[in-house]
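Subject: Structure for your review

Dear colleague,

Please find below the structure that I am handing over to you. My notes on what was found in it follow directly after.

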Amino acid sequence: YKMIIRSHQVPKDNSGVFIHESHFQRVLTVFSASNYGHTRNRAGAVLVYGSGTQLEYCPMDLGVCPPFEIVVKQLSRGSAGTIPNFGIAAEVAAMQHQADPHNKSLQKEIKQQAMALFVENKTILWENCVANDSALTGYLPMETWIPICTTSTGISDLDWELVTQLVADVMEGNVEYMRLLGRFHVSVAEPIKNDVNERIVNDLFKKIMKADASLHQLIGSFCSKTGSTQPMILERFAGMLQGAGLSASEVAAVQRSVQTYSGDKGTVDIAACFSAWNIGSGMRSELQLPPHLDQLVDRLALLMVTDADGLVPRSPSAVAQALMDFFVSADRDRDGYMSIGEFEQRIMQRIADMQFDCRAEDLEAILRAADFTGDGNMNFLEFLRLFGRRETGAASIASLNMMDALTFLIWLHRNALAALFRFIGVHGKVTRDQVFWAFSCLQRVANGDLDDDKVATLVDSITFGETGKVDAGALLSAFKLIDLG
């Protein structure tokens, strides 16, 4: 015989292909069943043969069978091994398999795997990328990106360049890491209410609003510097957020959202960033002002952003900047707070300039409503809560990152949860207490850093039927990895 090609045996060297020397290189084992026998073997291989006297083989290690185009690319790179007396060119292989109906589904599967990797390791990837991008440009060269991926994930035997090219455009050898890491998230659908994003960032917004004076003085300094931030200030910001009771995942979510609004020379558009938090939190709706005061708030907000020539900014970022400028001008002692007296003095000046009619008692009523902490002053977040743009359905970057921290473990372990729900549920349905217990246990077992309050926020957003139960399969199917593009 000239050659025996066999399978169904893990090669001795745990690769995808093995040439048996004892059979004079005439016996070849090809094996592509990843994790066979729980050995964590991730390797596989394909043989490419058409006609001629050579057989080429291409070992892969992506955890799943790759699309044939990628195999061809690997062969074209010259990464394949060669066995004498057999052979085929990569171009011929591509021609033979160009109409393969499985290519799209395989490519989709690999993209799903890559998305999961990026979401799972988003926090550490982001931190390491920012550490190598002091100007916060949002870009890193591929030669810097690859070792960051390797060290951040602990996966060194993966072609990170190839994985990155599968899910993102690489322009002139640079990876737009902020956009790439911001694209992939875990979304939820029915039977989970769509306001869960808003509720999560609402809790986060309130924690920061109730923080001590030092944090709001720092936020005030952000505002007065028109968004200019240095890494040292951001580090102080992170430390103070922890002191305000935010968890590690919440701090990381806030940091990423701040850094995402970066501009030239390491500056950050603080006004646009905080405005997005406010919109995503739905805080304005909680004020429940009487209609005439609600209308007055809108008129005052318009008055604040109108310039000396009577012009109103059109873009959301310009409106956010104008509101922040008003706050800074009213905060005369630069302590990060605007007292009621400081606000009245500044707004009365604008009212007089614009010949605007406003009763003093109405002004005091809306200021008391805005004073969430009850200390007689307004910090910048309380100010935004009252006068910021009122949009609905806008998920801020902070809320998306918080959702990832809360939901990724559930998506990742959905099969285990399905088995658990089959055991503890009745006729495929589970109660609120059972869901809360299962999700809380998962957080502890998988070393998640979310507290029970966050889990309760998610569980409270689930629609349980009249019997107080929800279909377990429908619930777990509601968690999906998505690409925001």
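Is the crossing of H20 and H21 left-handed or right-handed? In this predicted model, the crossing of these two helices is right-handed. I set out the surroundings of that crossing below, after a brief overview of the chain, and then turn to the sheet formed by E1, E2 and E3.

Overview

The protein chain contains 22 helices and 14 strands. Of its 485 residues, 47% count as buried. Among the contacts in the chain with a separation of 6 or more, 68% are between residues 24 or more positions apart.

Helix H21 and its two partners

Two packed helices are described by the angle between their axes and the distance between the axes. For helix H20 (residues 432-445) and helix H21 (residues 452-460), the angle is about 140 degrees and the axes are 10 Å apart. Since angles over 145 degrees are needed for a roughly antiparallel pair, H20 and H21 are therefore classed as oblique to each other. On the H20 side, the contact is made by Arg432, Val435, Phe436, Phe439, Ser440, Gln443 and Arg444. H21 contributes Asp452, Val455, Ala456, Leu458, Val459 and Asp460. By character, the residues of this contact divide into seven nonpolar, two polar and four charged.

H21 also packs with helix H8 (residues 196-209), at an angle of about 150 degrees and with the axes 9 Å apart. H8 and H21 are therefore roughly antiparallel to each other. H8 passes H21 in a right-handed crossing. The residues in contact are Val196, Arg199, Ile200, Asp203 and Lys207 of H8, together with Lys454, Thr457, Leu458 and Asp460 of H21. This contact is made up of three nonpolar, one polar and five charged residues. Leu458 and Asp460 of H21 thus appear in the contact with H20 and in the contact with H8.

The loop after H21

Ile462 lies in the loop between H21 and strand E13 (469-471). Its relative accessible area is 3%, and because buried means under 20%, Ile462 counts as buried. Which residues does Ile462 contact, leaving aside its neighbours within four places in sequence? They are Pro191, Ile192, Lys193, Val435, Phe439, Val470 and Leu475. Val435 and Phe439 also belong to the H20 side of the contact with H21. Lys193 is 269 residues away from Ile462 along the chain, yet their C-alpha atoms are separated by 6.1 Å.

The three-stranded sheet

An open sheet of three strands has the order E1-E3-E2, with mixed pairing. Strand E1 (4-6) and strand E2 (17-20) are the edge strands, each pairing on one side only. On average, neighbouring strands of this sheet are turned by 20 degrees against each other, direction ignored.

E1 and E3 pair in the parallel sense over three bridges, and Ile4 has Val27 of E3 as its bridge partner. E2 and strand E3 (residues 27-30) run antiparallel and are joined by four bridges; here Ile19 stands opposite Leu28. E2 and E3 form a hairpin with six residues between them, and Phe24 in the turn has a positive phi of about 55 degrees.

In a regular strand the side chains alternate between the two faces of the sheet. In E3, Val27 and Thr29 lie on one side and Leu28 and Val30 on the other. These four residues are all buried, and both faces of E3 are covered.

Yours sincerely

Definitions and conventions: Residues numbered from 1 in each chain as written. Predicted model: local features only at pLDDT ≥ 70, side-chain atom pairs only at ≥ 80, totals over all residues. Heavy atoms only, no water. Axes fitted to C-alpha atoms, helices over the stretch in contact; angles between N-to-C directions. Parallel < 35°, antiparallel > 145°, perpendicular 65-115°, else oblique. Left-handed = near helix turned anticlockwise from the far one by under 90°. Contact = heavy atoms within 4.5 Å. Nonpolar A, V, L, I, M, F, W, Y, C, P; charged D, E, K, R; others polar. Pairing = 2+ DSSP bridges. Buried < 20%, exposed > 50% of the residue type's maximum accessible area, 1.4 Å probe, protein only.
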